[in-house]
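This report goes through a single protein chain, from one side chain to the overall dimensions. The sequence and coordinates come first.

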Amino acid sequence: YQFVYTLMWTIDDVFFAYRSVKIENPVFIVGGFRTGSTSLHRSLAMDEKRFIAPRFIELGLPFITIQKLVAFFEYLDANHGISCQRVTRR
């Protein structure tokens with residue numbers, strides 16, 4: 001898989017200027033079990049303009065190209081009712 005990962009990172013470097021993005025004043029929520037960190041996370045998540053939390057696919061496949069492809073499929077599904085699920089025949 002090293003070749004695929006290297007290829008995807010190279011595509012991201014060529015087509016997306018993610019290295020020039022400046023992140024100012026980030027906040028990290030770290031907490032143990034039963035400490036209220038989930039409640040804090042949920043209250044911060046109400047601010048959709050400034051709050052970002054990674055989704056599972058972003059953690060598993062951390063490539064901008066893949067994220068743009070997934071976002072395109074989500075757009076098709078939401079706006080056009082096109083589902084990208086496999087059709088099974090009976």
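Glutamine 67 has a relative accessibility of 16% and therefore counts as buried, since the cut-off for that class is under 20%. The model is a predicted one, and the values below are computed from it. Glutamine 67 is part of helix α4. With neighbours within four places in sequence left aside, the contacts of glutamine 67 are Arg55, Ile57, Glu58 and Leu61.

**Aromatic pairs**

The structure contains 4 aromatic pairs. One of them joins tyrosine 5 and phenylalanine 63 in an edge-to-face arrangement, with 5.0 Å from centre to centre and 85° between the planes. Tyrosine 5 belongs to helix α1 (residues 2-15), while phenylalanine 63 sits in the loop between α3 (56-60) and α4 (64-80), so this pair links parts that are 58 residues apart in sequence. Tyrosine 5 is partly exposed at 29% relative accessible area, whereas phenylalanine 63 is buried at 3%.

A further pair is formed by tryptophan 9 and phenylalanine 63: the ring centres are 5.5 Å apart and the planes stand at 65°, so the pair is edge-to-face. Because tryptophan 9 is in helix α1 and phenylalanine 63 is in the loop between α3 and α4, the parts tied together here are 54 residues apart in sequence. Tryptophan 9 has a relative accessible area of 41% and is partly exposed. Tyr5, Trp9 and Phe63 make up one aromatic cluster.

**Positive phi values**

Which residues of the loop between α1 and α2 have a positive phi? Asparagine 25, with phi near 55°, is one of them, and it lies in the loop between α1 and α2. Arginine 34, with phi near 60°, is another non-glycine residue with a positive value, and its place is in the loop between α1 and α2. Most residues other than glycine have a negative phi. The table lists both residues with their accessibility.

| Residue | Phi | Relative accessible area |
|---|---|---|
| Asparagine 25 | near 55° | 72%, exposed |
| Arginine 34 | near 60° | 86%, exposed |

**Nonpolar surface patch**

Val27, Ile29, Leu40 and Leu44 make a nonpolar patch on the surface, with an area of about 330 Å². Leucine 44 is found in helix α2, which covers residues 37-44. The relative accessibility of leucine 44 is 34%, so this residue counts as partly exposed. That value also satisfies the patch criterion of over 30% relative accessible area.

**The chain as a whole**

The chain has 4 helices and 0 strands, and its pattern along the sequence is α-α-α-α. How does the radius of gyration stand against that of a compact globule of 90 residues? The chain has 18 Å, while such a globule would have a value near 12 Å. Along the principal axes, the C-alpha atoms fill a box of roughly 50 × 40 × 25 Å.

Of the 90 residues in the chain, 7% are buried; glutamine 67 and phenylalanine 63, described above, are both in the buried class. The exposed area of the chain is about 8900 Å², and carbon and sulfur atoms supply 61% of that area. Among contacts with a separation of 6 or more, 45% are between residues 24 or more positions apart.

Terms used. Residues numbered from 1 in each chain as written. Predicted model: local features only at pLDDT ≥ 70, side-chain atom pairs only at ≥ 80, totals over all residues. Heavy atoms only, no water. Patch = residues over 30% accessible without salt bridge, like charges linked within 9 Å, V, L, I, M, F, W, Y side chains within 5 Å. Areas by Shrake-Rupley, 256 points an atom, 1.4 Å probe, with all protein chains shown as cover. Salt bridge = Lys/Arg side-chain N within 4 Å of Asp/Glu carboxyl O. Helix = DSSP H or I, 4+ residues; strand = E, 2+ residues; numbered from the N terminus. Buried < 20%, exposed > 50% of the residue type's maximum accessible area, 1.4 Å probe, protein only. Phe/Tyr/Trp six-rings, centres within 6.5 Å; stacked < 30°, edge-to-face > 60°. Contact = heavy atoms within 4.5 Å. Rg over C-alpha atoms; globule rule 2.2 N^0.38 Å.
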